[in-house]
Amino acid sequence: MKLKEAIDQLKEGLAGRVAPEEAQAMIRVICEDVFNYDPVDVALRQDSELPDFAPQRIAEIIARLQRHEPLQYIVGSARFHGHRFKVTPAVLIPRPETEQLVDMIVDENPGSDLRVLDMGTGSGCIAISLARALKFAEVDALDISRDALAIARENAAALKVKVRFFESDMLAPQPPARYNIIVSNPPYVCWSERETMEHNVLDYEPGQALFVPDNDPLMFYKAIVPYAARSLERGGHLYLEINQRFGNEMSRLLEENGFGEVRIVEDSYGKVRFAVAMMR
């Protein structure tokens, strides 16, 4: 099978199922992650012969995509903050909005030797990206899932950074340590919002990392914020990814726990996405 034949087969398999632009992006990822062809190779090497496994692999990929399985789980990796992270159904697929959270932390904290905690680390994408981007930072990360922590440790090793990972429940975090930055992207999607979500999320990504009950949508923040109030150094910052419906409630929760300079920040799509506050 030649590269051009594989691309044509992928286009045909995706036709009518996703928008043409999305199909193009998927094909680009498949060419790079499965066959090691970057966009320049794809443009110049259409007649190149692919390995013997290519026809079966292409057929498998198309079948799994047609069942709405996320491409990142199929190829086993996702791009985040300029790096490739291993992902499996044990962890959420990193989102572009969360890259914005990492960028905000890096831009607002130019100092060195900062102590950082990532609560609910999943694949480790936030903790590892901060360990790479901040100057001489000491980064800890926790998660309740042993399977997720195994993936996070693999990612840290592959990207050659030191992060200390702990198994811990965000709803009952371990005794406070001292940090300059605490960050969390906890579950925040209400169960009632499921009906608006795509099958590739509902059927494949880990529900425990996504959903909270409608009658207690801030349940994780009610544990994270008091913990951060006890653990952050004076002048330290808490960064949270939040549900766009609860910006006002998050502001009140932060202020009630002694935080100042509370900001509710929109993402690049204009949606309320983050809460930031400083420990007074």
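**Exercise 1. Place Met197 in the model: is Met197 buried, exposed or partly exposed?**

Solution. Start with the relative accessible area: at 21%, Met197 is partly exposed, because buried means under 20% and exposed over 50%, with partly exposed in between (1.4 Å probe, protein chains only). This is a predicted model, in which local features need pLDDT of at least 70 and side-chain atom pairs count only at pLDDT 80 or more, while totals for chains, interfaces and linings use all residues. Residues are numbered from 1 along each chain as its sequence is written, and side-chain values use heavy atoms, with hydrogens and water left out.

Next, find the location: Met197 sits in the loop between S7 and helix H9 (199-202). Helices (H or I, at least four residues) and strands (E, at least two) are DSSP runs, numbered from the N terminus. Finally, list the contacts (heavy atoms within 4.5 Å). Beyond its neighbours within four places in sequence, Met197 touches Val189, Leu202 and Phe211.

**Exercise 2. Work out the strand order of the open sheet, and name its edge strands.**

Solution. First, the order of the 7 strands is S5-S4-S3-S6-S9-S11-S10, with mixed pairing. Two strands pair if DSSP finds at least two bridges between them. Then look at the ends: strand S5 (163-167) and strand S10 (259-266) are the edges, each pairing on one side only. Now check one pair: strand S4 (residues 138-143) and S5 run parallel, joined by 5 bridges. Within this pair, Val139 has Val163 of S5 as its bridge partner. To finish, add a helix: H6 packs on the sheet and touches S6, S9, S10 and S11.

**Exercise 3. Describe how helix H6 (residues 96-108) packs against helix H7 (residues 125-133).**

Solution. Begin with the geometry: the angle is about 35 degrees and the axes are 10 Å apart. Here axes are lines fitted to C-alpha atoms, for helices over the stretch in contact, and angles run from 0 to 180 degrees between N-to-C directions. Then collect the residues: H6 contributes Thr98, Leu101, Val102, Ile105 and Val106, and H7 contributes Ile126, Ser129, Leu130 and Ala133.

**Exercise 4. Which members of the largest nonpolar core touch the most other members?**

Solution. A nonpolar core is a set of buried Ala, Val, Leu, Ile, Met, Phe, Trp, Tyr and Cys residues joined through side-chain atoms within 4.5 Å. Among the 32 residues here, the answer is Ile182, Tyr221, Leu238, Leu240 and Phe259. As a last step, follow Ile182: outside its neighbours within four places in sequence, its contacts include Leu117, Met119, Tyr227 and Leu238.
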